[in-house]
Amino acid sequence: MLKLVLFDIDGTLIQSGGAGEKAFARVCEVEFGIPNGTTNIQFSGRTDPSIVRDFFTQFSIAATPENFRRFFDVYVFLLDDLLRRREGRVLPGVACLLHQFRSTRRPPAIGLLTGNIRLGAQIKLSHYQLWEHFEMGGFGDDHEDRNQIAAIAHQRGSALLKQDLPGHEVLVIGDTPRDVECARAIGAR
């Protein structure tokens, strides 16, 4: 029986019209004075902190807690603004799938498993009226390693349901090989 479903966000639930990547690039420029700071950085399937760490490393910026905080404080503000001005959307079938999970005789808990920091995830999903569908999750600010985030989301789902969940009762839905890797890390489908 399926008891917990964990969703990735970008490319799985929504397409933000590039708002996230554009917000990262703008932070590099306006807060750290580095135009085109994300040009050589991969985003897909990664955690926000690991992306920022790559930026810091590439431009010899100290990867201190203060600099991470500085980056993300500006990022969430710019993300919120850019989502309003970009052409994004909820992906086809998402609303129907969420409704179908909720309509089953014993609905599973629905959560998130994402590399987005929690506030970034909330801003994105609130913009598309999806945030309220998710009861818990694992986020980029929980850990920099996606597989550790999967373990945290699994643990939070177990706590929410007040029972240990074996992997076969957990489903991870994502769009990259890293999402598959996360599922395997916790024994999920």
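**How do we know? Fold, size and burial**

Modeller: In this predicted model, 70% of the protein chain's contacts with a separation of 6 or more come from residues 24 or more positions apart.

Biologist: What makes a pair count as a contact here?

Modeller: Heavy atoms within 4.5 Å of each other.

Biologist: Fine. How many helices and strands does the protein chain have?

Modeller: Seven helices and six strands. Going along the sequence, they come as β-β-α-α-α-β-α-β-α-β-α-β-α.

Biologist: Why is the protein chain called as compact as a globular protein of that length?

Modeller: Its radius of gyration is 17 Å, and the globule rule gives 16 Å for 189 residues; the two are close, so the label fits. As for overall dimensions, the C-alpha trace spans about 55 × 30 × 25 Å along its principal axes.

Biologist: What share of the residues counts as buried, and what makes a residue buried?

Modeller: The cut-off is under 20% relative accessible area, and 49% of the 189 residues count as buried.

Biologist: Now helix H3. How do you know that its span agrees with its number of residues?

Modeller: H3 covers residues 65-85, and at 1.5 Å a residue those 21 residues should span 30 Å; the end C-alpha atoms are 30 Å apart, so the span agrees.

Biologist: Which residues of H3 are buried, and what covers them?

Modeller: The buried ones are Asn67, Phe68, Phe71, Phe72, Val74, Tyr75, Val76, Leu78, Leu79, Leu82 and Leu83. Their cover includes helix H1 (19-30), helix H2 (48-58) and helix H5 (118-127).

Technical notes
Residues numbered from 1 in each chain as written. Predicted model: local features only at pLDDT ≥ 70, side-chain atom pairs only at ≥ 80, totals over all residues. Heavy atoms only, no water. Helix = DSSP H or I, 4+ residues; strand = E, 2+ residues; numbered from the N terminus. Rg over C-alpha atoms; globule rule 2.2 N^0.38 Å. Buried < 20%, exposed > 50% of the residue type's maximum accessible area, 1.4 Å probe, protein only. Expected span 1.5 Å × (residues − 1).
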